[in-house]
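This report goes through the sheet, the core, selected helices and loops, and the contact between the chains. The sequence and the structure come before the text.

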Amino acid sequence: MGEIVLSEVKKSFGGVSIIQGIDLTIDDGEFAVFVGPSGCGKSTLLRLIAGLEDTSSGTISIDGHDATRLPPARRGLAMVFQSYALYPHMSVRKNIAFPLRMAGMPQDEQARKVEAAAKVLNLTPYLDRRPGQLSGGQRQRVAIGRAIVREPSAFLFDEPLSNLDAALRVSMRQEISELHRSLKTTMVYVTHDQVEAMTMADKIVVLNAGRIEQVGSPLELYKSPANLFVAGFIGSPKMNFIAGAEAAKHGVHTIGVRPEHIVLAADGPWKGVVGLAEHLGSDTFLKVQVDGIGPLTVRAGGEVGLNYGDTVGLAPQAGKLHRFDEGGRAVAG
Amino acid sequence: MATQASQTASRLMLSPAVLLLFLWMIVPLGMTIYFSFLRFNLLMPGTEAFTGFENYVYFFTDPAFWPALANTLTLVLGVLFITVIGGVALAVLLDQPMWGQGIVRVLVIAPFFVMPSVSALVWKNMLMNPVNGLFAAFARGLGLEPFDFFADAPLASIIVIVAWQWLPFATLILLTAMQSLDREQMEAAEMDGAGPFWRFLHLTVPHLTRATTVVVLIQTIFLLSVFAEILVTTNGGPGTASTTLTFLVYMQSMLQFDVGLGSAGGIVAVILANIVAIFLMRMIGKNLEA
């Protein structure tokens with residue numbers, strides 16, 4: 001249970017095509033992350049799966065049954081919204097029990113399930129509070145609680161962490177990952193943050209302008225991006241792209257090398273001047289202006305005593321170069 | 001407004017306006033209280049004399065007093081009931097996306113801009129008139145005896161007219177409240193398996209309580225002083241069937257020229273309105289907090 005298959009799914013609003021034909025299989029128990037820049041259609045795609053929007057064409061099947069025309073409630077999916085969408089006038093207990101109440105479950109069974117969910121999510125002390133009296137992270141957990149009591153065949157998350165502060169985001173990210181490990185239920189997660197995608201996903205779906213750019217595990221995307229878009233989107237800081245004469249030496253239109261794959265070497269082939277040095281302690285990020293190539297971002301491990309105006313030599317690590325043709329597609333080898 | 005100096009300055013600059021408002025309120029009230037303790041009849045000038053609570057005793061023992069009190073409450077509660085229920089229903093309908101939404105909304109608001117005396121005249125002569133009225137024509141068209149609204153159901157007819165006037169106000173306030181309802185909440189409830197009725201009951205209705213409170217409070221204040229509709233249509237009759245407290249005060253001071261008795265009635269009405277206001281604030285005022 002929990003396999004979601006999209007075939008030829010398209011969606012347009014008015015005359016504007018938002019989703020331009022998506023074929024995708026999300027396996028049972030998988031943690032799939034839709035990632036892409038804003039406006040790429042990732043939230044729309046999630047809403048199509050949820051049934052909150054109708055597809056313009058194509059089919060969506062859940063657990064092998066065609067669900068394209070099913071209303072949201074009958075798809076057996078639960079969704080966690082960006083704004084949490086808690087019911088403000090109901091206590092936490094009633095919020096979590098709401099889907100059970102709508103399903104007509106007996107009172108005592110409802111209470112048992114709510115207690116169990118609250119225990120898993122550390123919400124027991126807050127059960128009688130209103131959502132307005134909770135912090136952002138607690139509200140998020142209530143929203144997740146409301147989803148898990150339904151025991152859905154898959155969870156849908158629509159940018160659930162984007163309203164939280166940085167520290168809380170990291171801990172909630174781990175909580176959601178742990179939840180996935182213990183429930184073993186399919187999860188589909190939408191985010192614009194590639195760090196969330198890399199840390200949580202079994203499978204990342206990179207979307208751009210309503211199309212899938214690449215599907216794969218985090219490390220697959222990192223190691224062998226299919227095109228310039230994926231190469232630039234996955235990894236932080238961004239991959240350096242070098243076109244022109246330097247790329248021609250490798251026989252392609254553009255070459256890409258990640259900041260962490262450039263080493264400082266006095267006798268390296270590239271010579272440049274440090275324009276900006278960000279000292280983070282664990283890492284130092286350098287913006288180096290290299291003659292004939294342009295600015296490159298370089299990640300140097302640990303504390304490096306380089307500052308503005310220093311001259312450095314750089315060398316790309318062997319075998320870590322990515323090569324792209326004129327159309328932006330990766331060239332093998 | 002943080003420093004001591006700016007606070008002092010703000011108080012100084014506000015004071016003329018506050019003073020004016022205070023006088024605006026206290027002078028008429030003070031004069032009314034003063035008159036209510038006088039024997040003061042416009043037909044007998046020069047005979048004004050202090051009479052203590054005599055005017056109040058006359059007002060409370062007037063055979064029209066208790067019916068007027070009951071009529072006032074019936075009118076207020078009846079109109080509130082119709083406008084709140086009807087307002088919610090209209091707001092739900094107008095919230096749906098449809099063609100010509102702008103025009104429809106203007107049409108719905110229109111009755112609010114018609115003067116009370118004019119709308120009462122239109123209802124009296126064009127709609128409810130047993131001979132020339134539209135309703136009578138309908139009744140005859142169906143082969144029925146036309147219903148004489150103002151003779152047989154005077155208070156109910158006035159309630160209908162006043163409700164028609166106030167329905168746009170309630171609709172407008174409730175519609176704006178409805179539009180501020182979070183769409184994701186609705187979608188979450190939809191995914192949770194709640195049908196349209198349950199979504200309305202569990203999300204829309206609680207969301208509208210605060211707006212409903214505002215509607216009830218404001219309307220009560222204005223409904224306690226409904227006058228033109230009664231004067232134009234039934235003149236308080238037949239008998240005292242549609243006499244409210246406001247109308248009773250008018251009859252005594254303007255038709256019987258007894259300013260003292262009218263003033264006493266006015267003060268009674270003020271006290272009653274304040275009692276109602278206190279009860280309202282106690283009952284629903286807490287909805288306005290936070």
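Two strands count as paired if DSSP finds at least two bridges between them. In this predicted model, A:A154 stands opposite A:T186 in β8(A).

## The sheet of chain A

That pair belongs to β7(A) and β8(A), which run parallel and share five bridges. On the β6 side, β6(A) and β7(A) are also parallel, with four bridges. Here A:A78 has A:F155 of β7(A) as its bridge partner. Strands β3 (residues 31–35) and β8 (residues 186–191) of chain A are joined in the parallel sense by five bridges, and A:V33 is found opposite A:Y189 in β8(A).

These strands are part of an open sheet of six in chain A, in the order β6-β7-β8-β3-β9-β10, and the pairing is mixed. At its edges are β6 (77–80) and β10 (211–216) of chain A, each paired on one side only. From one strand to the next, the twist averages 20°.

## Strand β7 and its surroundings

How many residues of β7(A) are buried? Five of the five are, so the strand is largely enclosed by the rest of the structure. A:A154, A:L156 and A:D158 point one way, while A:F155 and A:F157 point the other way, and all are buried.

Helix α4 (residues 136–148) of chain A lies across β6 and β7 (154–158) of chain A. With respect to β6(A), the helix runs at about 175°.

## The nonpolar cores

The largest nonpolar core contains 90 residues. Those with the most contacts inside this core are A:V33, A:F34, A:I49, A:M79, A:A143, A:L156 and A:V188. Both domain 1 (4–230) and domain 2 (237–324) of chain A give residues to this core, so the core lies between them. Another core, of 43 residues, lies apart from it; among its residues are B:W123, B:I159, B:A170 and B:L223.

A:F34 illustrates the contacts of one residue of the largest core. Leaving out residues up to four places away in sequence, A:F34 touches A:K42, A:L45, A:L46, A:V188, A:V190, A:V205 and A:L207.

## Helix α2 of chain A

Helix α2 (residues 92–102) of chain A is mostly covered, with eight of its eleven residues buried. The buried residues are A:V92, A:R93, A:N95, A:I96, A:A97, A:F98, A:P99 and A:L100. They pack against α3 (107–120) and α4 of chain A. After α2(A) comes A:G104, which has a positive phi near 75°.

## Backbone details in the loops of chain A

Two residues other than glycine have a positive phi here: A:N122, near 55°, and A:E159, about 40°. A:N122 is in the loop between α3 and α4 of chain A, whereas A:E159 is in the loop between β7 and α5 (166–183) of chain A.

Are these residues buried or exposed? A:N122 counts as exposed because it has 11 C-beta neighbours inside 10 Å. A:E159 is buried, since 21 other C-beta atoms lie within 10 Å; the cut-off for a buried residue is 20 or more.

The peptide bond that joins A:S236 and A:P237 is cis, with omega about -5°. A:P237 is in the loop between α8 (228–233) and β11 (240–243) of chain A.

## Contact between chains A and B

The contact involves 14 residues of chain B and 15 residues of chain A. On the chain B side, the elements that give two or more residues are α9 (183–191) and α10 (196–223) of chain B. The largest share of that side, six residues, comes from α9(B). By type, the chain B residues that touch chain A are six nonpolar, three polar and five charged.

Within α9(B), the buried residues are B:Q185, B:E187, B:A188, B:A189, B:E190 and B:M191. Their cover includes α1 (42–50) and β6 of chain A, together with α10 of chain B. B:G193 follows α9(B) and has a positive phi near 90°.

Technical notes: Residues are numbered from 1 along each chain as its sequence is written. Chains are lettered from A and ligands numbered from 1 in the order in which they are written. This is a predicted model: local features need pLDDT of at least 70, side-chain atom pairs count only at pLDDT 80 or more; totals for chains, interfaces and linings use all residues. A nonpolar core is a set of buried Ala, Val, Leu, Ile, Met, Phe, Trp, Tyr and Cys residues joined through C-beta atoms within 7 Å. A residue is buried if 20 or more other C-beta atoms lie within 10 Å of its own, exposed if 12 or fewer, and partly exposed in between; C-beta atoms are placed from the backbone. Domain bounds come from an automatic or database domain assignment. Two residues are in contact if their C-beta atoms, placed from the backbone, lie within 7 Å. Axes are lines fitted to C-alpha atoms, for helices over the stretch in contact, and angles run from 0 to 180 degrees between N-to-C directions. Ala, Val, Leu, Ile, Met, Phe, Trp, Tyr, Cys and Pro count as nonpolar, Asp, Glu, Lys and Arg as charged, and the others, Gly among them, as polar.
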